[in-house]
Amino acid sequence: MQKQRYYYLIQLQYLGFRYSGWQHQPGQKTIESMLQKTLKFVLPGRSGKVLGAGRTDAKVSALDMKFELFLEDEPLEDLFGFQELFNKNLPPDIRILNINKTDSKFNIIQDAKEKEYLYLFSFGEKNHPFCAPFLANILDDLDIELMMKAAKLFEGTHDFLAYTARLREGTRTLRTITHCSLTENTLLKANFFPKKSYVFTVRGNGFMRYQIRMMMGALIQLGRGELTLADIENTLSPNASIELNFVAPGSGLLLNRLDFT
């Protein structure tokens, strides 16, 4: 007899600075493994599975991540009570925001409509050590106005083959960026932050591994004078002749919003 399965969509936030990314890895502390470990503790003897809406890299954070929880045999009777119990037993750098019932028709991977990533950084001077989990710190002087201009070049549909690493066979490198900008940071503030910091905002349906960090890396190289605007345009062409190899640090990146159809 086939067991009854129950489906739940869970929204969470996490600070990724001390984790080796989302996906479970043997011998590594990851967000997925911490969620699974906590679920086993709060739901002893229950068969459950976690499936994330995507994967974030080591040190990458999220203000709006979602995962689906699959449970067998019996449903959760009190969703709010379970949310409180879950949060009580998770570490302080992971927080559950809400839990909603869903069903077998929902596909957490295919139904993701748009993701918004932010890359926070400062440049020129060494930051206060407390900034490390939130801001990438580029010690070189950067031409920030040129970088702002170049960010708009990423908008639209382009071949982002130059902006990924460890490309798997069959990966679709033609991607559409619905919004891309570089502005002064007004999202996150703290009294130990530098007087000025900046945010690189990217929205799209989906991204390849390291894509946004390599986009940010190209902008940093542009700001340093190592690349030109023409070079950035070249990297987005089907026959790009420039090879990129700079991946910006993971600690500046966060998933800010995840919308479903």
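This report describes the salt bridges and one buried arginine in a predicted model.

**Salt bridges**

The structure holds 11 salt bridges. Three of them are listed here, with the distance between N and O atoms.

| Salt bridge | Distance (N to O) |
|---|---|
| Glutamate 116 and arginine 203 | 2.5 Å |
| Glutamate 155 and lysine 152 | 2.8 Å |
| Arginine 224 and glutamate 226 | 3.9 Å |

In the pair at 3.9 Å, arginine 224 is partly exposed at 32% relative accessible area, and glutamate 226 is partly exposed at 46%. Salt bridges with shared partners also link Glu114, Glu116, Arg203, Arg257 and Asp259 into one network.

Glutamate 116 and arginine 203 form a salt bridge of 2.5 Å. Glutamate 116 belongs to strand E5 (residues 112-123) and arginine 203 to strand E9 (residues 198-204), so this pair ties together parts 87 residues apart in sequence. Glutamate 116 is buried, because its relative accessible area is 7% and the cut-off for buried is under 20%. Arginine 203, at 25%, counts as partly exposed.

For the pair at 2.8 Å, both residues are described in the same terms: glutamate 155 is partly exposed at 27% relative accessibility, and lysine 152 is partly exposed with a relative accessible area of 40%.

**Arginine 213**

Arginine 213 sits in helix H4, which covers residues 211-224. With a relative accessible area of 12%, arginine 213 is buried. The side chain of arginine 213 makes a polar contact of 3.3 Å with the side chain of aspartate 57. Beyond its neighbours within four places in sequence, arginine 213 is in contact with several residues, including Asp57, Tyr119, Phe246 and Leu253.

Technical notes
Residues numbered from 1 in each chain as written. Predicted model: local features only at pLDDT ≥ 70, side-chain atom pairs only at ≥ 80, totals over all residues. Heavy atoms only, no water. Helix = DSSP H or I, 4+ residues; strand = E, 2+ residues; numbered from the N terminus. Buried < 20%, exposed > 50% of the residue type's maximum accessible area, 1.4 Å probe, protein only. Polar contact = N/O pair within 3.5 Å; in protein donor to acceptor, adjacent residues only side chain to side chain. Contact = heavy atoms within 4.5 Å. Salt bridge = Lys/Arg side-chain N within 4 Å of Asp/Glu carboxyl O.
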